[in-house]
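Thanks for making time. I will walk through one structure, mostly how its helices pack, and end with a few backbone details.

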Amino acid sequence: MADTAMSGAGTTGGDDPLQRAIWRLRSRGCWTDAAALLTPHLHDAGAAVQRTALLVERCLFTGQGWAEAEDALRVAEAVSQDDDDRGAAACERGHLAYAATVLGVRDRADEARSALGRAAALLSPGSRTRPLLDFRRGLVAEHLADAPQSALPAYRRAHAGALAHGDTLLLSFTWRHLAALSLRDGEVAEARKGFAESLRIREDLGFLVGTAPALAALAEAEPEPEAARLRAEARRLFHLLGGIPTWLADQLPSLLPILRCRRNTLGRSRGGSGPQRWV
């Protein structure tokens, strides 16, 4: 979370000055500023989808900005020119509906499934959006349908696709969610490996806003005192970023007072009392 993951577009940016600037802002949780850099380019479907993805990611991390994300999505849908464009926009619609549901804002589970199904029908087999779509279908299966065994093949397809397309950031998400399923099945060593790889990638990329959740996840698979050290580092980063992602406080209870004001604006999150690994 492009992601809980969004598209790989904007990851580090390569030689493109615009994409490098977007990545610097996004990686520090400045989604609104990053999205603003794309405003002059909204005639282009790729830019419109990327702007939508940034604003949906903000919703997932902060629980705020739903109207702006919806507006951006409508623009992306309007400027789509072909099936791949329409499929990418549908993938973002599914992710926005997923985020609203999993954060307890409004139950849009049916919309999430429908939109992701439509994306699957529209996207070409070789589309770079395919791995992201597979990942998001895994999220819906795991967190909305409570069907981890259905999520597993989706995450594996996403992982293989991310490797094939060189989408390193998406790999950090697939490693993390595959590890979570391993931990759920009692495969602690396998879980530790996956969580550690996810954390390594995020640190290497400088994905600061996603590093605290990765630290907290790895702590679940580590013995003490290493687990305590990882949670302390997660708390430090959480404070540094002003309390985002907001839902991380449920994994680090000592952070709850920081979010009391913010979380008054959110509904009750789905997913029970277990650890939350939405991004």
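Start with helix 7, residues 130-144, and helix 8, residues 148-165. In this predicted model, the two helices pack with their axes 8 Å apart, at an angle of about 160 degrees. That angle makes helix 7 roughly antiparallel to helix 8, because the cut-off for that label is anything over 145 degrees. The crossing of helix 7 past helix 8 is left-handed.

Which residues of helix 7 and helix 8 meet? On the helix 7 side they are P131, D134, F135, R137, G138, L139, A141 and E142. On the helix 8 side they are S150, A151, A154, Y155, R157, A158, G161, A162 and H165. Sorted by class, this contact between helix 7 and helix 8 holds 9 nonpolar, 4 polar and 4 charged residues.

Staying with helix 8, it has 18 residues. From first C-alpha to last it reaches 25 Å, close to the 26 Å expected at 1.5 Å a residue. Its buried residues are P148, A151, L152, A154, Y155, A158, H159, G161 and A162. What do they pack against? The partners are helix 7 and helix 9, the latter being residues 168-184. After helix 8 comes G166, with a positive phi near 70 degrees.

The loop between helix 7 and helix 8 contains D146. D146 is not a glycine, yet its phi is positive, near 50 degrees. Is D146 buried or exposed? Its relative accessibility is 54%, so D146 counts as exposed.

Now the other neighbour of helix 7 on my list, helix 5, residues 83-102. The axes of helix 5 and helix 7 come within 11 Å and cross at roughly 25 degrees. Helix 5 and helix 7 are therefore roughly parallel to each other, as the angle is under 35 degrees. The crossing of helix 5 and helix 7 is left-handed. Helix 5 contributes C91, E92, H95, Y98, T101 and V102 to the contact, and helix 7 contributes L132, L133, R136, L139, V140, H143 and L144. The class split for helix 5 with helix 7 is 8 nonpolar, 3 polar and 2 charged.

One residue of that contact deserves a line of its own: V102, in helix 5. With a relative accessibility of 1%, V102 counts as buried. Its C-alpha lies 9.1 Å from that of V140, and the two are 38 residues apart in sequence.

Stepping back to the whole chain, there are 13 helices and 0 strands. Of the 279 residues, 56% are buried.

Next, a loop residue further along. E187 sits between helix 9 and helix 10, which spans 188-205. At 40% relative accessibility E187 is classed as partly exposed. The C-alpha atoms of E187 and A221 are 9.4 Å apart, with their positions 34 residues apart along the chain.

Last, the peptide bonds. Where are the cis bonds I want to show? One runs from E224 to P225, with omega near 5 degrees. P225 is in the loop between helix 11, residues 211-221, and helix 12, residues 226-240. Another cis bond runs from I244 to P245, with omega near 0 degrees. P245 is in the loop between helix 12 and helix 13, the latter at 256-263.

That is what I have; questions are welcome.

Note on methods: Residues are numbered from 1 along each chain as its sequence is written. This is a predicted model: local features need pLDDT of at least 70, side-chain atom pairs count only at pLDDT 80 or more; totals for chains, interfaces and linings use all residues. Side-chain values use heavy atoms; hydrogens and water are left out. Axes are lines fitted to C-alpha atoms, for helices over the stretch in contact, and angles run from 0 to 180 degrees between N-to-C directions. Helices (H or I, at least four residues) and strands (E, at least two) are DSSP runs, numbered from the N terminus. Angles under 35 degrees count as roughly parallel, over 145 as roughly antiparallel, 65 to 115 as roughly perpendicular and the rest as oblique. A crossing is left-handed if the near helix is turned anticlockwise from the far one by less than a right angle, and right-handed if clockwise. Contact means heavy atoms within 4.5 Å. Ala, Val, Leu, Ile, Met, Phe, Trp, Tyr, Cys and Pro count as nonpolar, Asp, Glu, Lys and Arg as charged, and the others, Gly among them, as polar. The expected span of a helix is 1.5 Å times one less than its number of residues. Buried means under 20% relative accessible area, exposed over 50%, partly exposed in between (1.4 Å probe, protein chains only).
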